[in-house]
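The following exercises are to be worked through with the sequence and the three-dimensional structure at hand. Each task is followed by a stepwise solution.

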Protein chains: 2
Amino acid sequence: MGPTNRREREKEALRTQILDAARYLFARDGYDAVTMRAIAERIEYSPRTIYLHFQDKEDLVRELCRHDFQVFGAELAKAGQVKSPLARIKAMGRGYAAFGLQNPNHYRLMFMSDSPDYEGKGEEEWKDNPEVDAYALLRDTVQQAIDQGLMAPAYTDAELVAQTVWAGIHGVVALALAKEGDPWVDWRPIAARVEAMSDAIVDGLSAGAAAPARSARKGR
Amino acid sequence: MGPTNRREREKEALRTQILDAARYLFARDGYDAVTMRAIAERIEYSPRTIYLHFQDKEDLVRELCRHDFQVFGAELAKAGQVKSPLARIKAMGRGYAAFGLQNPNHYRLMFMSDSPDYEGKGEEEWKDNPEVDAYALLRDTVQQAIDQGLMAPAYTDAELVAQTVWAGIHGVVALALAKEGDPWVDWRPIAARVEAMSDAIVDGLSAGAAAPARSARKGR
DNA sequence: TTGACAAAGTAAACGCAGTTTACAAAATGA
DNA sequence: TCATTTTGTAAACTGCGTTTACTTTGTCAA
């Protein structure tokens with residue numbers, strides 16, 4: 001086998017070093033603060049070396065966030081345990097918001113910047129993408145709620161309802177990340193805003209539902 | 001008066017030329033596309049000249065958008081004509097969304113980027129700021145709704161309710177601007193999403209209101 | 001052991017960004 | 001007329017992502 005093995009390990013170690021340095025900068029100061037030169041300086045290599053391990057800066061940052069995105073998916077999957085569909089939706093909202101507020105820079109990258117071009121990329125590209133999984137989980141939960149007669153009669157389209165729920169919670173988080181600190185709005189505590197949104201949006205979509213009486217129609 | 005007058009006019013004209021060139025670039029390609037060099041080239045002056053009229057790029061772009069911000073304020077004020085508070089809130093939501101979707105780059109600058117530091121700035125800084133006026137208008141409308149017993153008993157705080165309504169609509173617009181085109185979500189038409197949000201959020205906040213709501217409960 | 005070859009690394013540069021320095025030209029007002 | 005202010009410029013500075021051209025180093029077959 002020779003030393004090839006060791007070299008591979010060393011290469012991997014350097015790659016990890018790069019990611020660690022970048023993660024530090026990214027978490028602390030955001031995307032723009034991650035400069036190739038700053039990373040290079042932290043790891044005491046020349047900037048060019050980074051390009052031996054990553055195609056470009058975007059590649060590096062996306063790789064960097066992959067792990068944290070899994071955390072995001074897991075946090076939402078946890079909420080998937082709640083039994084009642086409506087309560088489950090609210091729980092997912094809280095989990096979603098918690099992730100965004102605790103990882104503002106990751107959140108900005110995932111949901112507040114233009115997403116990368118998916119032109120010409122196949123489905124493989126978005127397999128194992130926690131964003132996709134999370135959306136699917138939400139939509140399926142909404143569908144269950146509809147099937148069980150928990151939604152208002154006007155809302156029969158699970159996609160539309162899921163997109164509305166998502167938008168509501170996203171709005172709270174995005175506004176908090178962009179506008180917190182503005183002196184001209186007397187912002188209520190963020191926890192209260194998350195709670196109000198989760199409640200209001202689910203109540204609004206389910207208001208005047210026929211009844212939970214009718215036993216669940218199976219389907220979907 | 002001498003030629004001083006003419007020179008002032010000429011200076012003003014050049015300033016306008018700069019703004020026009022910048023506006024063109026900004027509306028078409030967004031903040032990053034507005035480079036000082038590109039502006040200079042369009043107006044056939046050297047880049048340095050721009051700095052005789054504007055302190056820096058941010059100053060220029062903010063000045064550039066001031067006019068369009070007025071349009072934003074006006075669009076929302078229009079919705080202020082609607083009589084019923086709840087219908088007025090929905091109308092404001094539609095107006096807000098329409099502005100954001102028709103002026104994506106302005107919207108990004110106003111609501112999706114970190115706002116400038118207000119550290120040490122006095123109240124004058126945000127007088128005549130349409131953002132502020134619009135928020136105040138929304139909050140006052142919410143307060144009216146509360147006073148008329150149109151809101152659910154749990155919602156007695158006009159600030160919190162206004163912030164929730166704002167977040168909901170913002171979520172729809174922001175998600176549309178950042179994620180439209182993503183292939184892994186079967187996006188519903190944006191008009192339907194705006195409508196669903198306006199309805200759901202207002203219904204959710206007003207559901208089970210004590211007073212005249214009973215008769216008003218239309219199916220959607 | 002040697003020597004070809006690939007891998008890993010570097011210094012310096014390229015192009016583009018915002019911005020500034022140092023200077024020239026022109027208009028103004030005394 | 002002439003000093004002063006205004007208006008403009010060319011060229012540069014710094015910092016960014018990225019690349020070119022080169023050196024060093026380790027590996028492995030002959």
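**Exercise 1. Determine the handedness and the relative direction of α8(A) and α9(A), and list the residues through which they meet.**

Solution. The crossing of α8(A) and α9(A) is right-handed. In this predicted model, the axes of the two helices come within 10 Å and cross at roughly 165°. Angles over 145 degrees count as roughly antiparallel, so α8(A) is roughly antiparallel to α9(A).

The residues in contact are then read off for each helix:

- α8(A) contributes A:Val161, A:Thr164, A:Val165, A:Gly168, A:Ile169, A:Val172 and A:Ala176.
- α9(A) contributes A:Ile190, A:Arg193, A:Val194, A:Met197, A:Ile201 and A:Leu205.

Sorted by class, this contact holds 10 nonpolar, two polar and one charged residues.

**Exercise 2. Describe the secondary structure of chain A and state what percentage of its residues count as buried.**

Solution. Chain A has nine helices and zero strands. Its order along the sequence is accordingly written α-α-α-α-α-α-α-α-α. Of the 220 residues in chain A, 39% count as buried. For the contacts within chain A, consider pairs of residues at least 6 apart in sequence: 68% of these contacts join residues at least 24 apart.

**Exercise 3. Characterise the packing of α5(B) against α7(B).**

Solution. First, identify the segments: α5 covers residues 85-102 of chain B, and α7 covers residues 130-147 of chain B. Second, take the geometry: the axes come within 9 Å and cross at roughly 155°. Since angles over 145 degrees count as roughly antiparallel, α5(B) and α7(B) are roughly antiparallel to each other. Third, assign the hand: α5(B) passes α7(B) in a left-handed crossing.

Fourth, list the participants. From α5(B) come B:Pro85, B:Leu86, B:Arg88, B:Ile89 and B:Met92. From α7(B) come B:Leu138, B:Thr141, B:Val142, B:Gln144 and B:Ala145. The residues of this contact comprise seven nonpolar, two polar and one charged.

**Exercise 4. Carry out the analysis for α6(B) and α8(B), and decide how the two helices are oriented to each other.**

Solution. Helix α6 (residues 104-112) and helix α8 (residues 158-179) of chain B have axes 11 Å apart and pack at an angle of about 120°. The value falls outside the ranges for roughly parallel, roughly antiparallel and roughly perpendicular, and α6(B) and α8(B) are therefore oblique to each other. Their crossing is left-handed.

On the side of α6(B), the residues are B:Pro104, B:Tyr107, B:Arg108, B:Phe111 and B:Met112. They meet B:His170, B:Val173, B:Ala174 and B:Leu177 in α8(B). By class, the contact divides into seven nonpolar, one polar and one charged.

**Exercise 5. Examine the loop between α2 and α3 in both chains: which residue has a positive phi without being a glycine, and is it buried or exposed?**

Solution. In chain A, the residue is A:Glu44, with a positive phi of about 60°. A:Glu44 is placed in the loop between α2 (36-43) and α3 (47-50). A residue is exposed if 12 or fewer other C-beta atoms lie within 10 Å of its own; with 9 C-beta neighbours inside 10 Å, A:Glu44 counts as exposed.

In chain B, B:Glu44 has a positive phi of about 60° and is not a glycine. B:Glu44 lies in the loop between α2 and α3 of chain B and, with 9 C-beta neighbours inside 10 Å, counts as exposed.

B:Ser46 is also found in the loop between α2 and α3 of chain B. Having 12 C-beta neighbours inside 10 Å, B:Ser46 counts as exposed. Its C-alpha atom is separated by 22 Å from that of B:Arg28, 18 residues apart along the chain.

**Exercise 6. Establish how chains A and B are related and describe the side of chain A that touches chain B.**

Solution. Begin with the superposition: a rotation of 180° with 0.0 Å of shift along its axis places chain A on chain B, with an RMSD of 0.1 Å. This is the relation of a two-fold axis.

Next, consider the contact, which takes 44 residues from chain A and 44 residues from chain B. The elements of chain A that give two or more residues to it are α6 (104-112), α7 (130-147), α8 (158-179) and α9 (190-206). The most is given by α8(A), with 14 residues. On this side of chain A there are 26 nonpolar, nine polar and nine charged residues.

Finally, compare the two sides: 93% of the interface residues of chain A are also interface residues in chain B, so the copies meet through the same surface.

Note on methods: Residues numbered from 1 in each chain as written. Chains lettered and ligands numbered in written order. Predicted model: local features only at pLDDT ≥ 70, side-chain atom pairs only at ≥ 80, totals over all residues. Contact = placed C-beta atoms within 7 Å. Helix = DSSP H or I, 4+ residues; strand = E, 2+ residues; numbered from the N terminus. Nonpolar A, V, L, I, M, F, W, Y, C, P; charged D, E, K, R; others polar. Least-squares fit on C-alpha atoms with pLDDT ≥ 70 in both. Buried ≥ 20, exposed ≤ 12 C-beta atoms within 10 Å, placed from the backbone. Axes fitted to C-alpha atoms, helices over the stretch in contact; angles between N-to-C directions. Parallel < 35°, antiparallel > 145°, perpendicular 65-115°, else oblique. Left-handed = near helix turned anticlockwise from the far one by under 90°.
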